[in-house]
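User: Please take a close look at one part of this model, the packing and charge pairing around its helices, and give me one connected account. I would like the cut-off behind each term as it comes up.

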Amino acid sequence: MTERMNLGPLVGDVYRHAGALDGFVEESTLPKSLLYLVQLRASQINGCVYCVDQHSADARQAGESDARLHSVAVWRESPFFTEQERAALAYTEAATRLSTDDVTDEIWGQAAAHFAEKELAALIVAVATINFWNRLAVSTRMTPPSYKP
């Protein structure tokens, strides 16, 4: 896999504005561990090697266990996640796969039951933002930060 272009210098304002979305999410009351799980799961679905690498490394640095990180892809079958995390992961999958699925009333209801309205709004922004970053990284084949040829 060869990186197609270094997009950052060409669209710096876009990165800066998207970074403001990241800042909003980071300042929200959503648990940081939950944000890492959401970012990792959306990135897995989208096939974004750059973001999977980045967000799993960030999560490990923040103290997340390897067992939980390895289980994100199979979270439904895993015993490692809280009901709130499961609701967030279900919402993440539905909102990421909009072309094949929908955020059903059931998925919305589960998320709404586990998050205050402001937190749910932050979750929506978090999922939309990571999907934006995934699309940039996948289409340009960004090289993962940990890759050393």
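Analyst: Ala 18 is buried, its relative accessible area being 4% (buried is under 20%, exposed over 50% and partly exposed in between, with a 1.4 Å probe and protein chains only). The model is a predicted one, in which local features need pLDDT of at least 70 and side-chain atom pairs count only at pLDDT 80 or more, while totals for chains, interfaces and linings use all residues. Residues are numbered from 1 along each chain as its sequence is written, and side-chain values rest on heavy atoms, with hydrogens and water left out.

Ala 18 belongs to helix α1 (helices are DSSP runs of H or I with at least four residues, strands are E runs of at least two, and both are numbered from the N terminus). Leaving aside residues up to four places away in sequence, Ala 18 touches Thr 129, Phe 132 and Trp 133, where contact means heavy atoms within 4.5 Å. Of these partners, Thr 129 is 111 residues apart from Ala 18 along the chain, yet their C-alpha atoms are separated by 7.3 Å.

Helix α1, residues 12-27, also holds Arg 16 and Asp 13, which are 3 residues apart and therefore separated by about one helical turn. These two form a salt bridge whose closest N and O atoms are 3.5 Å apart (a side-chain nitrogen of Lys or Arg within 4 Å of a carboxyl oxygen of Asp or Glu). Arg 16 is exposed at 51% relative accessible area, and Asp 13 is likewise exposed at 51%.

The whole structure contains 7 salt bridges, and some of them join Arg 41, Arg 76, Glu 93 and Arg 97 into a network. Within this network, Glu 93 pairs with Arg 76, the closest N and O atoms being 2.7 Å apart. Because Glu 93 lies in helix α5 (residues 83-96) and Arg 76 in the loop between α4 (66-71) and α5, this pair ties together parts that are 17 residues apart in sequence. Glu 93 is buried at 5% relative accessibility, whereas Arg 76 is exposed at 51%. Glu 93 also forms a salt bridge with Arg 97, with 3.7 Å between the closest N and O atoms, and Arg 97 is partly exposed at 29%.

Glu 93 and Arg 41 reappear where α2 meets α5. The axes of α2 (residues 32-46) and α5 come within 9 Å and cross at roughly 30°, the axes being lines fitted to C-alpha atoms over the stretch in contact and the angles running from 0 to 180 degrees between N-to-C directions. That makes α2 roughly parallel to α5 (under 35 degrees, against over 145 for roughly antiparallel, 65 to 115 for roughly perpendicular and the rest for oblique). The crossing of α2 and α5 is right-handed, the near helix being turned clockwise from the far one by less than a right angle. On the α2 side the contact includes Leu 34, Leu 37, Val 38 and Ile 45, and on the α5 side it includes Ala 88, Leu 89 and Thr 92. By class, the contact of α2 with α5 has 7 nonpolar, 5 polar and 3 charged residues (Ala, Val, Leu, Ile, Met, Phe, Trp, Tyr, Cys and Pro count as nonpolar, Asp, Glu, Lys and Arg as charged, and the others, Gly among them, as polar).
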